[in-house]
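Open the model in your viewer and keep the sequence at hand. The tour below says what to select and what is there.

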Amino acid sequence: MTLTLNAPAPHALSAARHETVVPDAQIIGVGTAVTDMSYTQQELLDMFRIADPKVRSVFGNSAIERRHLTVPPLNADGTFAEERQGALLQKHKKLAVEMGADALRASLADAGITLSAIDYLCCVTSTGFLTPGLTALLIRELGIDPSCHRADVVGMGCNAGLNGLNATANWAKANPGRVAVMVCAEACSAAYVMDSTMRTAVVNSLFGDGAAAIALMAPATGGEAAFDGPRVLSFASHIITDAFDAMRYDWDDEQNKFSFFLDPEIPYVVGAHAEQVVDRLLSGAGLRRGAVKHWLVHSGGKKVIDAVRVNLGLTRHDLRHTTGVLRDYGNLSSGSFLFSYQRLLRERIVAPGDYGVLMTMGPGSTIETVLVQW
Amino acid sequence: MNGGSNMFTDVSVSGDGDVLVVRIDGADGRLVDHTAAVAAACDRAEDLDGKAIVVVQAAGAPAGARAGGLTVKLVSKWEQALRRLERLPAATIAVATGDCGGAALDALLVTDLRIAGESARLVLSTEGDLMWPGMSLYRLSRQLPAGVVRRAALFGGALTANEARDLHLVHEVSGDPSAALAAAVRRVAAGSGTELAVRRQLTSEAQSVGYEDALGVHLAACDRALRRAAAEATPA
């Protein structure tokens, strides 16, 4: 059969226009925050007097240069004091509230709105447990209207920023003209165990402290969009139940602490499942992978970034912000992808109509994706 | 040649995957049409999920100055289409006949396998003696020894089919390009275009990335290959 196409189909299929009656929520502001102190990998090895060549090699090959951390208090002899679980939970509470508040304020300033505009607040954290939750603490800390609607996403791990975004964007879409804010605040220096195992060495070489927030709003009914941020179009999720225990944060009776575990194979498992989730996300919108101009993938670690890149056929340039955020901050857990989002905006290269995919990975093992369009 | 020079043709070959043919006439300066033809072929190839083979019929060279109305925006769109072709999840084969310059040369330089007719010439100069400073100049710089590309870029000229083969810009010179193409299609038809794209990207990056930076990506690609082999060995 020979077929000549006189009028080639447009690159993005017409079904992808998403001209729905109910306007989608838009991201109208983003803000990030970190703590004051940051350390290079070498400084951390020296400070903690880590001599094991295997551990030093893990730190050296992490593709991380620097991380913001709040290190333990010092003993009289100059060594670090042991922080027990109670102290770690207090540390998490203090840092999550401080960084979360800073990121939230920055996201509102970016959107040009004030605290009084917030009608819905979603807080995401996995590096500690708080009851009342972070939303309640931030409402009290910042003087946000106590009638604000809220949800806390706790313990879902590095992917949780997109789980939180799903709830937040849907609330914004259902309540046009009202502001919803999501805050991801992770105090990874409150979630560590120090022993001589490689299990903890890998974890301790990877994570950093940081918070990020985004403000969302759908145009008021009958009104035009007043902001130029991207619209949140659709989500696709996948939980790899075969790899249920490959990433977990659970109680260690011997250490009397919560301890994080990362299976060495998990980066490849995540990479191998990336295509099916992304293709489901895009086929639902009638898009080909090549139509996506901007990829904002969670900075989970060097191996998982490599695996996602190979399996999605992405270039180093496509994931420049993912690798850049990993290099400058380490793995910031749930808010990491928003640091990449902020860097993309600062490049000032996004154009109206551009599609972007945001992708996060975490325990479960879980892959979360969202399609946005400027 | 109106309407005929920028044809994208979709030919289904049973059992051998789908062969998509794009004709690019380098004598025709209308980049809009070339861009549409390449984009249409890429759309179709991407939808075939690794089973397509794309053939670029490259012929013709610009006769004089560039066409009127050419803008950097159009050049940029053309380059976007070429870049898509260069990263396509499909084997790409170019067949060059006669003088091959301008857009035809642009398209040839992004393909995986290149066949030239015996009388083919790759025409490098398009503006007097100077080569057009588009991304073909970049690709030639990656594909040719530095001295050769410097001479070509600064002083233009043309390469005969045999000279181009000696420089590995084309891989085969044939008195019967159609037969050579048919053989090449048979050779690549068995492989998956998606996996070819993974390996193509690795080899491309290897030119500019150090060992330590390359290692993780190659290990991830090995993992992908092992998973595919295991999946094929286990009936669903």
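**Stop 1: a cysteine in chain A**

Select Cys158(A): with a relative accessible area of 7%, this residue is buried, because buried means under 20%. The model is a predicted one. Now follow the backbone on either side. Cys158(A) lies in a loop of chain A, with β6 (149–154) before the loop and α5 (160–174) after it. In UniProt, an unreviewed entry puts the feature "active site" at Cys158(A).

Which residues are in contact with Cys158(A), leaving aside its neighbours within four places in sequence? Select Phe207(A), His298(A) and Asn331(A) to begin with, then add Ser333(A) and Ser334(A). The stretch Thr360(A), Met361(A), Gly362(A) and Pro363(A) completes the list.

**Stop 2: a phenylalanine in chain B**

Move to chain B and select Phe155(B), in helix α5 (residues 146–155) of that chain. Is Phe155(B) buried or exposed? Its relative accessibility is 58%, so Phe155(B) counts as exposed. Next, select Leu130(B) as well. The two residues are 25 residues apart along the chain, and 5.7 Å separates the C-alpha atom of Phe155(B) from that of Leu130(B).

**Stop 3: a surface patch in chain B**

Select Tyr211(B), Leu215(B) and Leu219(B) together and show the surface. These residues form a nonpolar patch there, and their accessible area together is about 310 Å². Then pick out Leu215(B), which belongs to helix α9 (residues 211–233) of chain B. Leu215(B) has a relative accessible area of 37% and is therefore partly exposed.

How values were computed: Residues numbered from 1 in each chain as written. Chains lettered and ligands numbered in written order. Predicted model: local features only at pLDDT ≥ 70, side-chain atom pairs only at ≥ 80, totals over all residues. Heavy atoms only, no water. UniProt positions renumbered as here; feature names shortened; annotations may be inferred. Helix = DSSP H or I, 4+ residues; strand = E, 2+ residues; numbered from the N terminus. Buried < 20%, exposed > 50% of the residue type's maximum accessible area, 1.4 Å probe, protein only. Contact = heavy atoms within 4.5 Å. Patch = residues over 30% accessible without salt bridge, like charges linked within 9 Å, V, L, I, M, F, W, Y side chains within 5 Å. Areas by Shrake-Rupley, 256 points an atom, 1.4 Å probe, with all protein chains shown as cover. Salt bridge = Lys/Arg side-chain N within 4 Å of Asp/Glu carboxyl O.
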